[in-house]
Amino acid sequence: MKSLSVGSSKFTVDNVPDLCPICNFHVQPLSCFAHTSGRRLQIVFRCVRQECDCLFFAYYRGEHVQNVGMQYHFIEFKPKSFISKNLNAEIRAISPNFEQIYNQALHAESLGLNHIVGPGYRKALEFLIKDYLIGLFKEQEEKIKKMFLGNCIKELINNENIKLCAERAVWLGNDETHYTRTWEDKDISHMKELIELTIYWISSEVITKRYLEEMN
């Protein structure tokens, strides 16, 4: 816990911001104003970067500790700017819709909309895999569009690295859309990691193929 001075008041908090949620630069923001209501603490900070100079709120919840007094635990910052993920040219060429859907899910996650994030990433993955397969098997485009995603991966993907990572990402994505979970020890972070691996292996395949064709 740390002591934080705001005007003439002092608070014991577990987190003093060192990052501006507006410009996403590491700074030591100035504390401008504090307001307490019951166990809630709200503090207004100002970013010290001249290019930003924005105000933001830090929200805390208090807990009374015997012989110590009130201690405040950090909850969140508001507002927070959203930084979209820039995908490499290979993935954008394969599936422009994937980048758009993935970033919408990423934005929802940044806003704390946890119950809709998983289905968003699951949809993004479906567009990536199906667009990737349509690029490989153009004559089967209509069939691929109508197939279940799991069947697409199992029956049409030959690259084992892509298949294994995408398959597991789908398992976790399905967990996010169902009432009960199969993979209790896995969450959104693991799903995103598997999607990142899928992106990596698809990109590697495309880039390798290009060099082999150019330098035959």
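**View 1. An open sheet of six strands in a predicted model.** The strand order is β1-β2-β6-β5-β4-β3. Pairing within this sheet is mixed. Two strands form the edges: β1, residues 2-6, and β3, residues 30-37. Each edge strand pairs on one side only. From one strand to the next, the twist averages 40°.

**View 2. The edge strand β3 beside β4.** Strand β4 covers residues 40-46. Seven bridges join β3 to β4. The two strands run antiparallel. Look for Ser37, which stands opposite Arg40 of β4. In the sheet order, β4 sits between β5 and β3.

**View 3. The parallel pair β2 and β6.** Strand β2 spans residues 9-13, and β6 spans residues 69-78. Two bridges link these strands. Thr12 marks the pairing: Gln71 in β6 stands opposite Thr12. In the sheet order, β2 has β1 on one side and β6 on the other.

**View 4. The antiparallel pair β5 and β6.** Strand β5 runs from residue 55 to residue 65. Nine bridges join β5 to β6. One partnership to find is that of Phe57, whose bridge partner in β6 is Lys78. Strand β6 thus has two views here: parallel to β2, antiparallel to β5.

**View 5. The hairpin of β5 and β6.** Three residues lie between the two strands. Asn67 belongs to this hairpin and takes a positive phi near 70°. The strands that the hairpin connects are neighbours in the sheet order.

Technical notes:
Residues are numbered from 1 along each chain as its sequence is written. This is a predicted model: local features need pLDDT of at least 70, side-chain atom pairs count only at pLDDT 80 or more; totals for chains, interfaces and linings use all residues. Side-chain values use heavy atoms; hydrogens and water are left out. Two strands pair if DSSP finds at least two bridges between them. Helices (H or I, at least four residues) and strands (E, at least two) are DSSP runs, numbered from the N terminus. Axes are lines fitted to C-alpha atoms, for helices over the stretch in contact, and angles run from 0 to 180 degrees between N-to-C directions.
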